[in-house]
Amino acid sequence: TYKEEIKGKSCANTYLLERIFTVSDPCVSSISYTQEIRVEDKEAPVFVGILPQSLTIEEGQAVPVQATLTATDSCGTAEVTSSRREEKTAGKLSKVVYSWTATDACGNQVSHTQIITITPKPEPTPEPLTFVTTPQNITLSCGQPLPSVVYPTVKGGCTPSITYKEEIKGKSCANTYLLERIFTVSDTCVSSISYTQEIKVEDKE
């Protein structure tokens, strides 16, 4: 006679099959033999197709959508689960990590990870600070009023600001001197330029 028994079935594809053969005769003698067939599933599933690879993009570019992966298994089917994780640097998204794990009926697994690195967008290089218009040098006779302060205009730089001061030089008498109006423009990029307007006051009468 012959019978089969399944033992130690930890999952669909891992178990021990026992085939039990029993021989008996009319003299009421009997012997038995058991054949053991072990079925094991130790192979992990395999992802199907070309897997998404890690890449680097620049800040502002669209982050690729996580792909949908499938997997096959030599002993049956496999289920694929996915996850997404983000990392930030200085409050900005700097890395996206996509992960996939394929699991078969016996718990064998294979995983794949795609890392998308996001590099900061380069800051634009500002134009150098330059003057666009400047007040002209002039010569006055004594008694003529000093002109109002006319600030120069500038372009370029990083948020420039302008300061102004006056210096009197070469004063040989009350009505003969050189007035310097010094304009200094500086910006947040630590650049600075200066311009000096010269106003000569003369008393020749």
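## Hairpin of strands 2 and 3

Strand 2 and strand 3 form a hairpin with 5 residues between them, and V28 in the turn has a positive phi of about 65 degrees; strands here are DSSP runs of E of at least two residues, numbered from the N terminus. This is a predicted model, in which local features need pLDDT of at least 70 and side-chain atom pairs count only at pLDDT 80 or more, while totals for chains, interfaces and linings use all residues. Residues are numbered from 1 along each chain as its sequence is written, and side-chain values use heavy atoms, with hydrogens and water left out.

The two arms of this hairpin, strand 2 (residues 14-24) and strand 3, run antiparallel and are joined by 10 bridges, where two strands are taken to pair if DSSP finds at least two bridges between them. Within this ladder, T22 has S32 in strand 3 as its bridge partner. V28, in the loop between strand 2 and strand 3, is a residue other than glycine with a positive phi, and V28 counts as exposed because its relative accessibility is 77% (buried means under 20% relative accessible area, exposed over 50%, partly exposed in between, with a 1.4 Å probe and protein chains only). Of the 10 residues of strand 3 (residues 30-39), the number buried is 0, so strand 3 lies largely in the open.

## The neighbouring strand 1

On its other connection, strand 2 is joined to strand 1 by a hairpin through 2 residues. Strand 1 (residues 2-11) and strand 2 run antiparallel, with 7 bridges between them, and C11 has T14 in strand 2 as its bridge partner.

## The open sheet of six strands

Elsewhere in the chain, 6 strands form an open sheet with mixed pairing, in the order 4-6-7-8-9-5. Strand 4 (46-47) and strand 5 (55-58) stand at the edges with a single partner strand each, so one side of each is left without a neighbour in the sheet. Strands of a sheet pair through backbone hydrogen bonds, either parallel or antiparallel.

Inside that order, strand 7 (residues 76-89) and strand 8 (residues 92-104) run antiparallel and are joined by 12 bridges, with R85 standing opposite V97 in strand 8. The loop between strand 7 and strand 8 holds A90, which is not a glycine and yet has a positive phi of about 55 degrees. A90 is exposed, with a relative accessible area of 81%.

## The chain as a whole

The chain has 0 helices and 15 strands, where a helix would be a DSSP run of H or I of at least four residues. Its radius of gyration is 44 Å, whereas a compact globule of 205 residues would have one near 17 Å; the radius is taken over C-alpha atoms, and the globule rule is 2.2 Å times the number of residues to the power 0.38. The C-alpha trace spans about 160 × 25 × 15 Å along its principal axes.

Of the 205 residues, 22% count as buried, and the chain exposes about 13900 Å², of which carbon and sulfur atoms supply 52% (by the Shrake-Rupley method with a 1.4 Å probe). Among contacts (heavy atoms within 4.5 Å) between residues at least 6 apart in sequence, 48% join residues at least 24 apart. The chain has 19 positive and 25 negative side chains, and the centres of the two sets lie 5 Å apart; Lys and Arg count as positive and Asp and Glu as negative, with His and the chain ends not counted, and each charge is placed at NZ of Lys, CZ of Arg, CG of Asp or CD of Glu.
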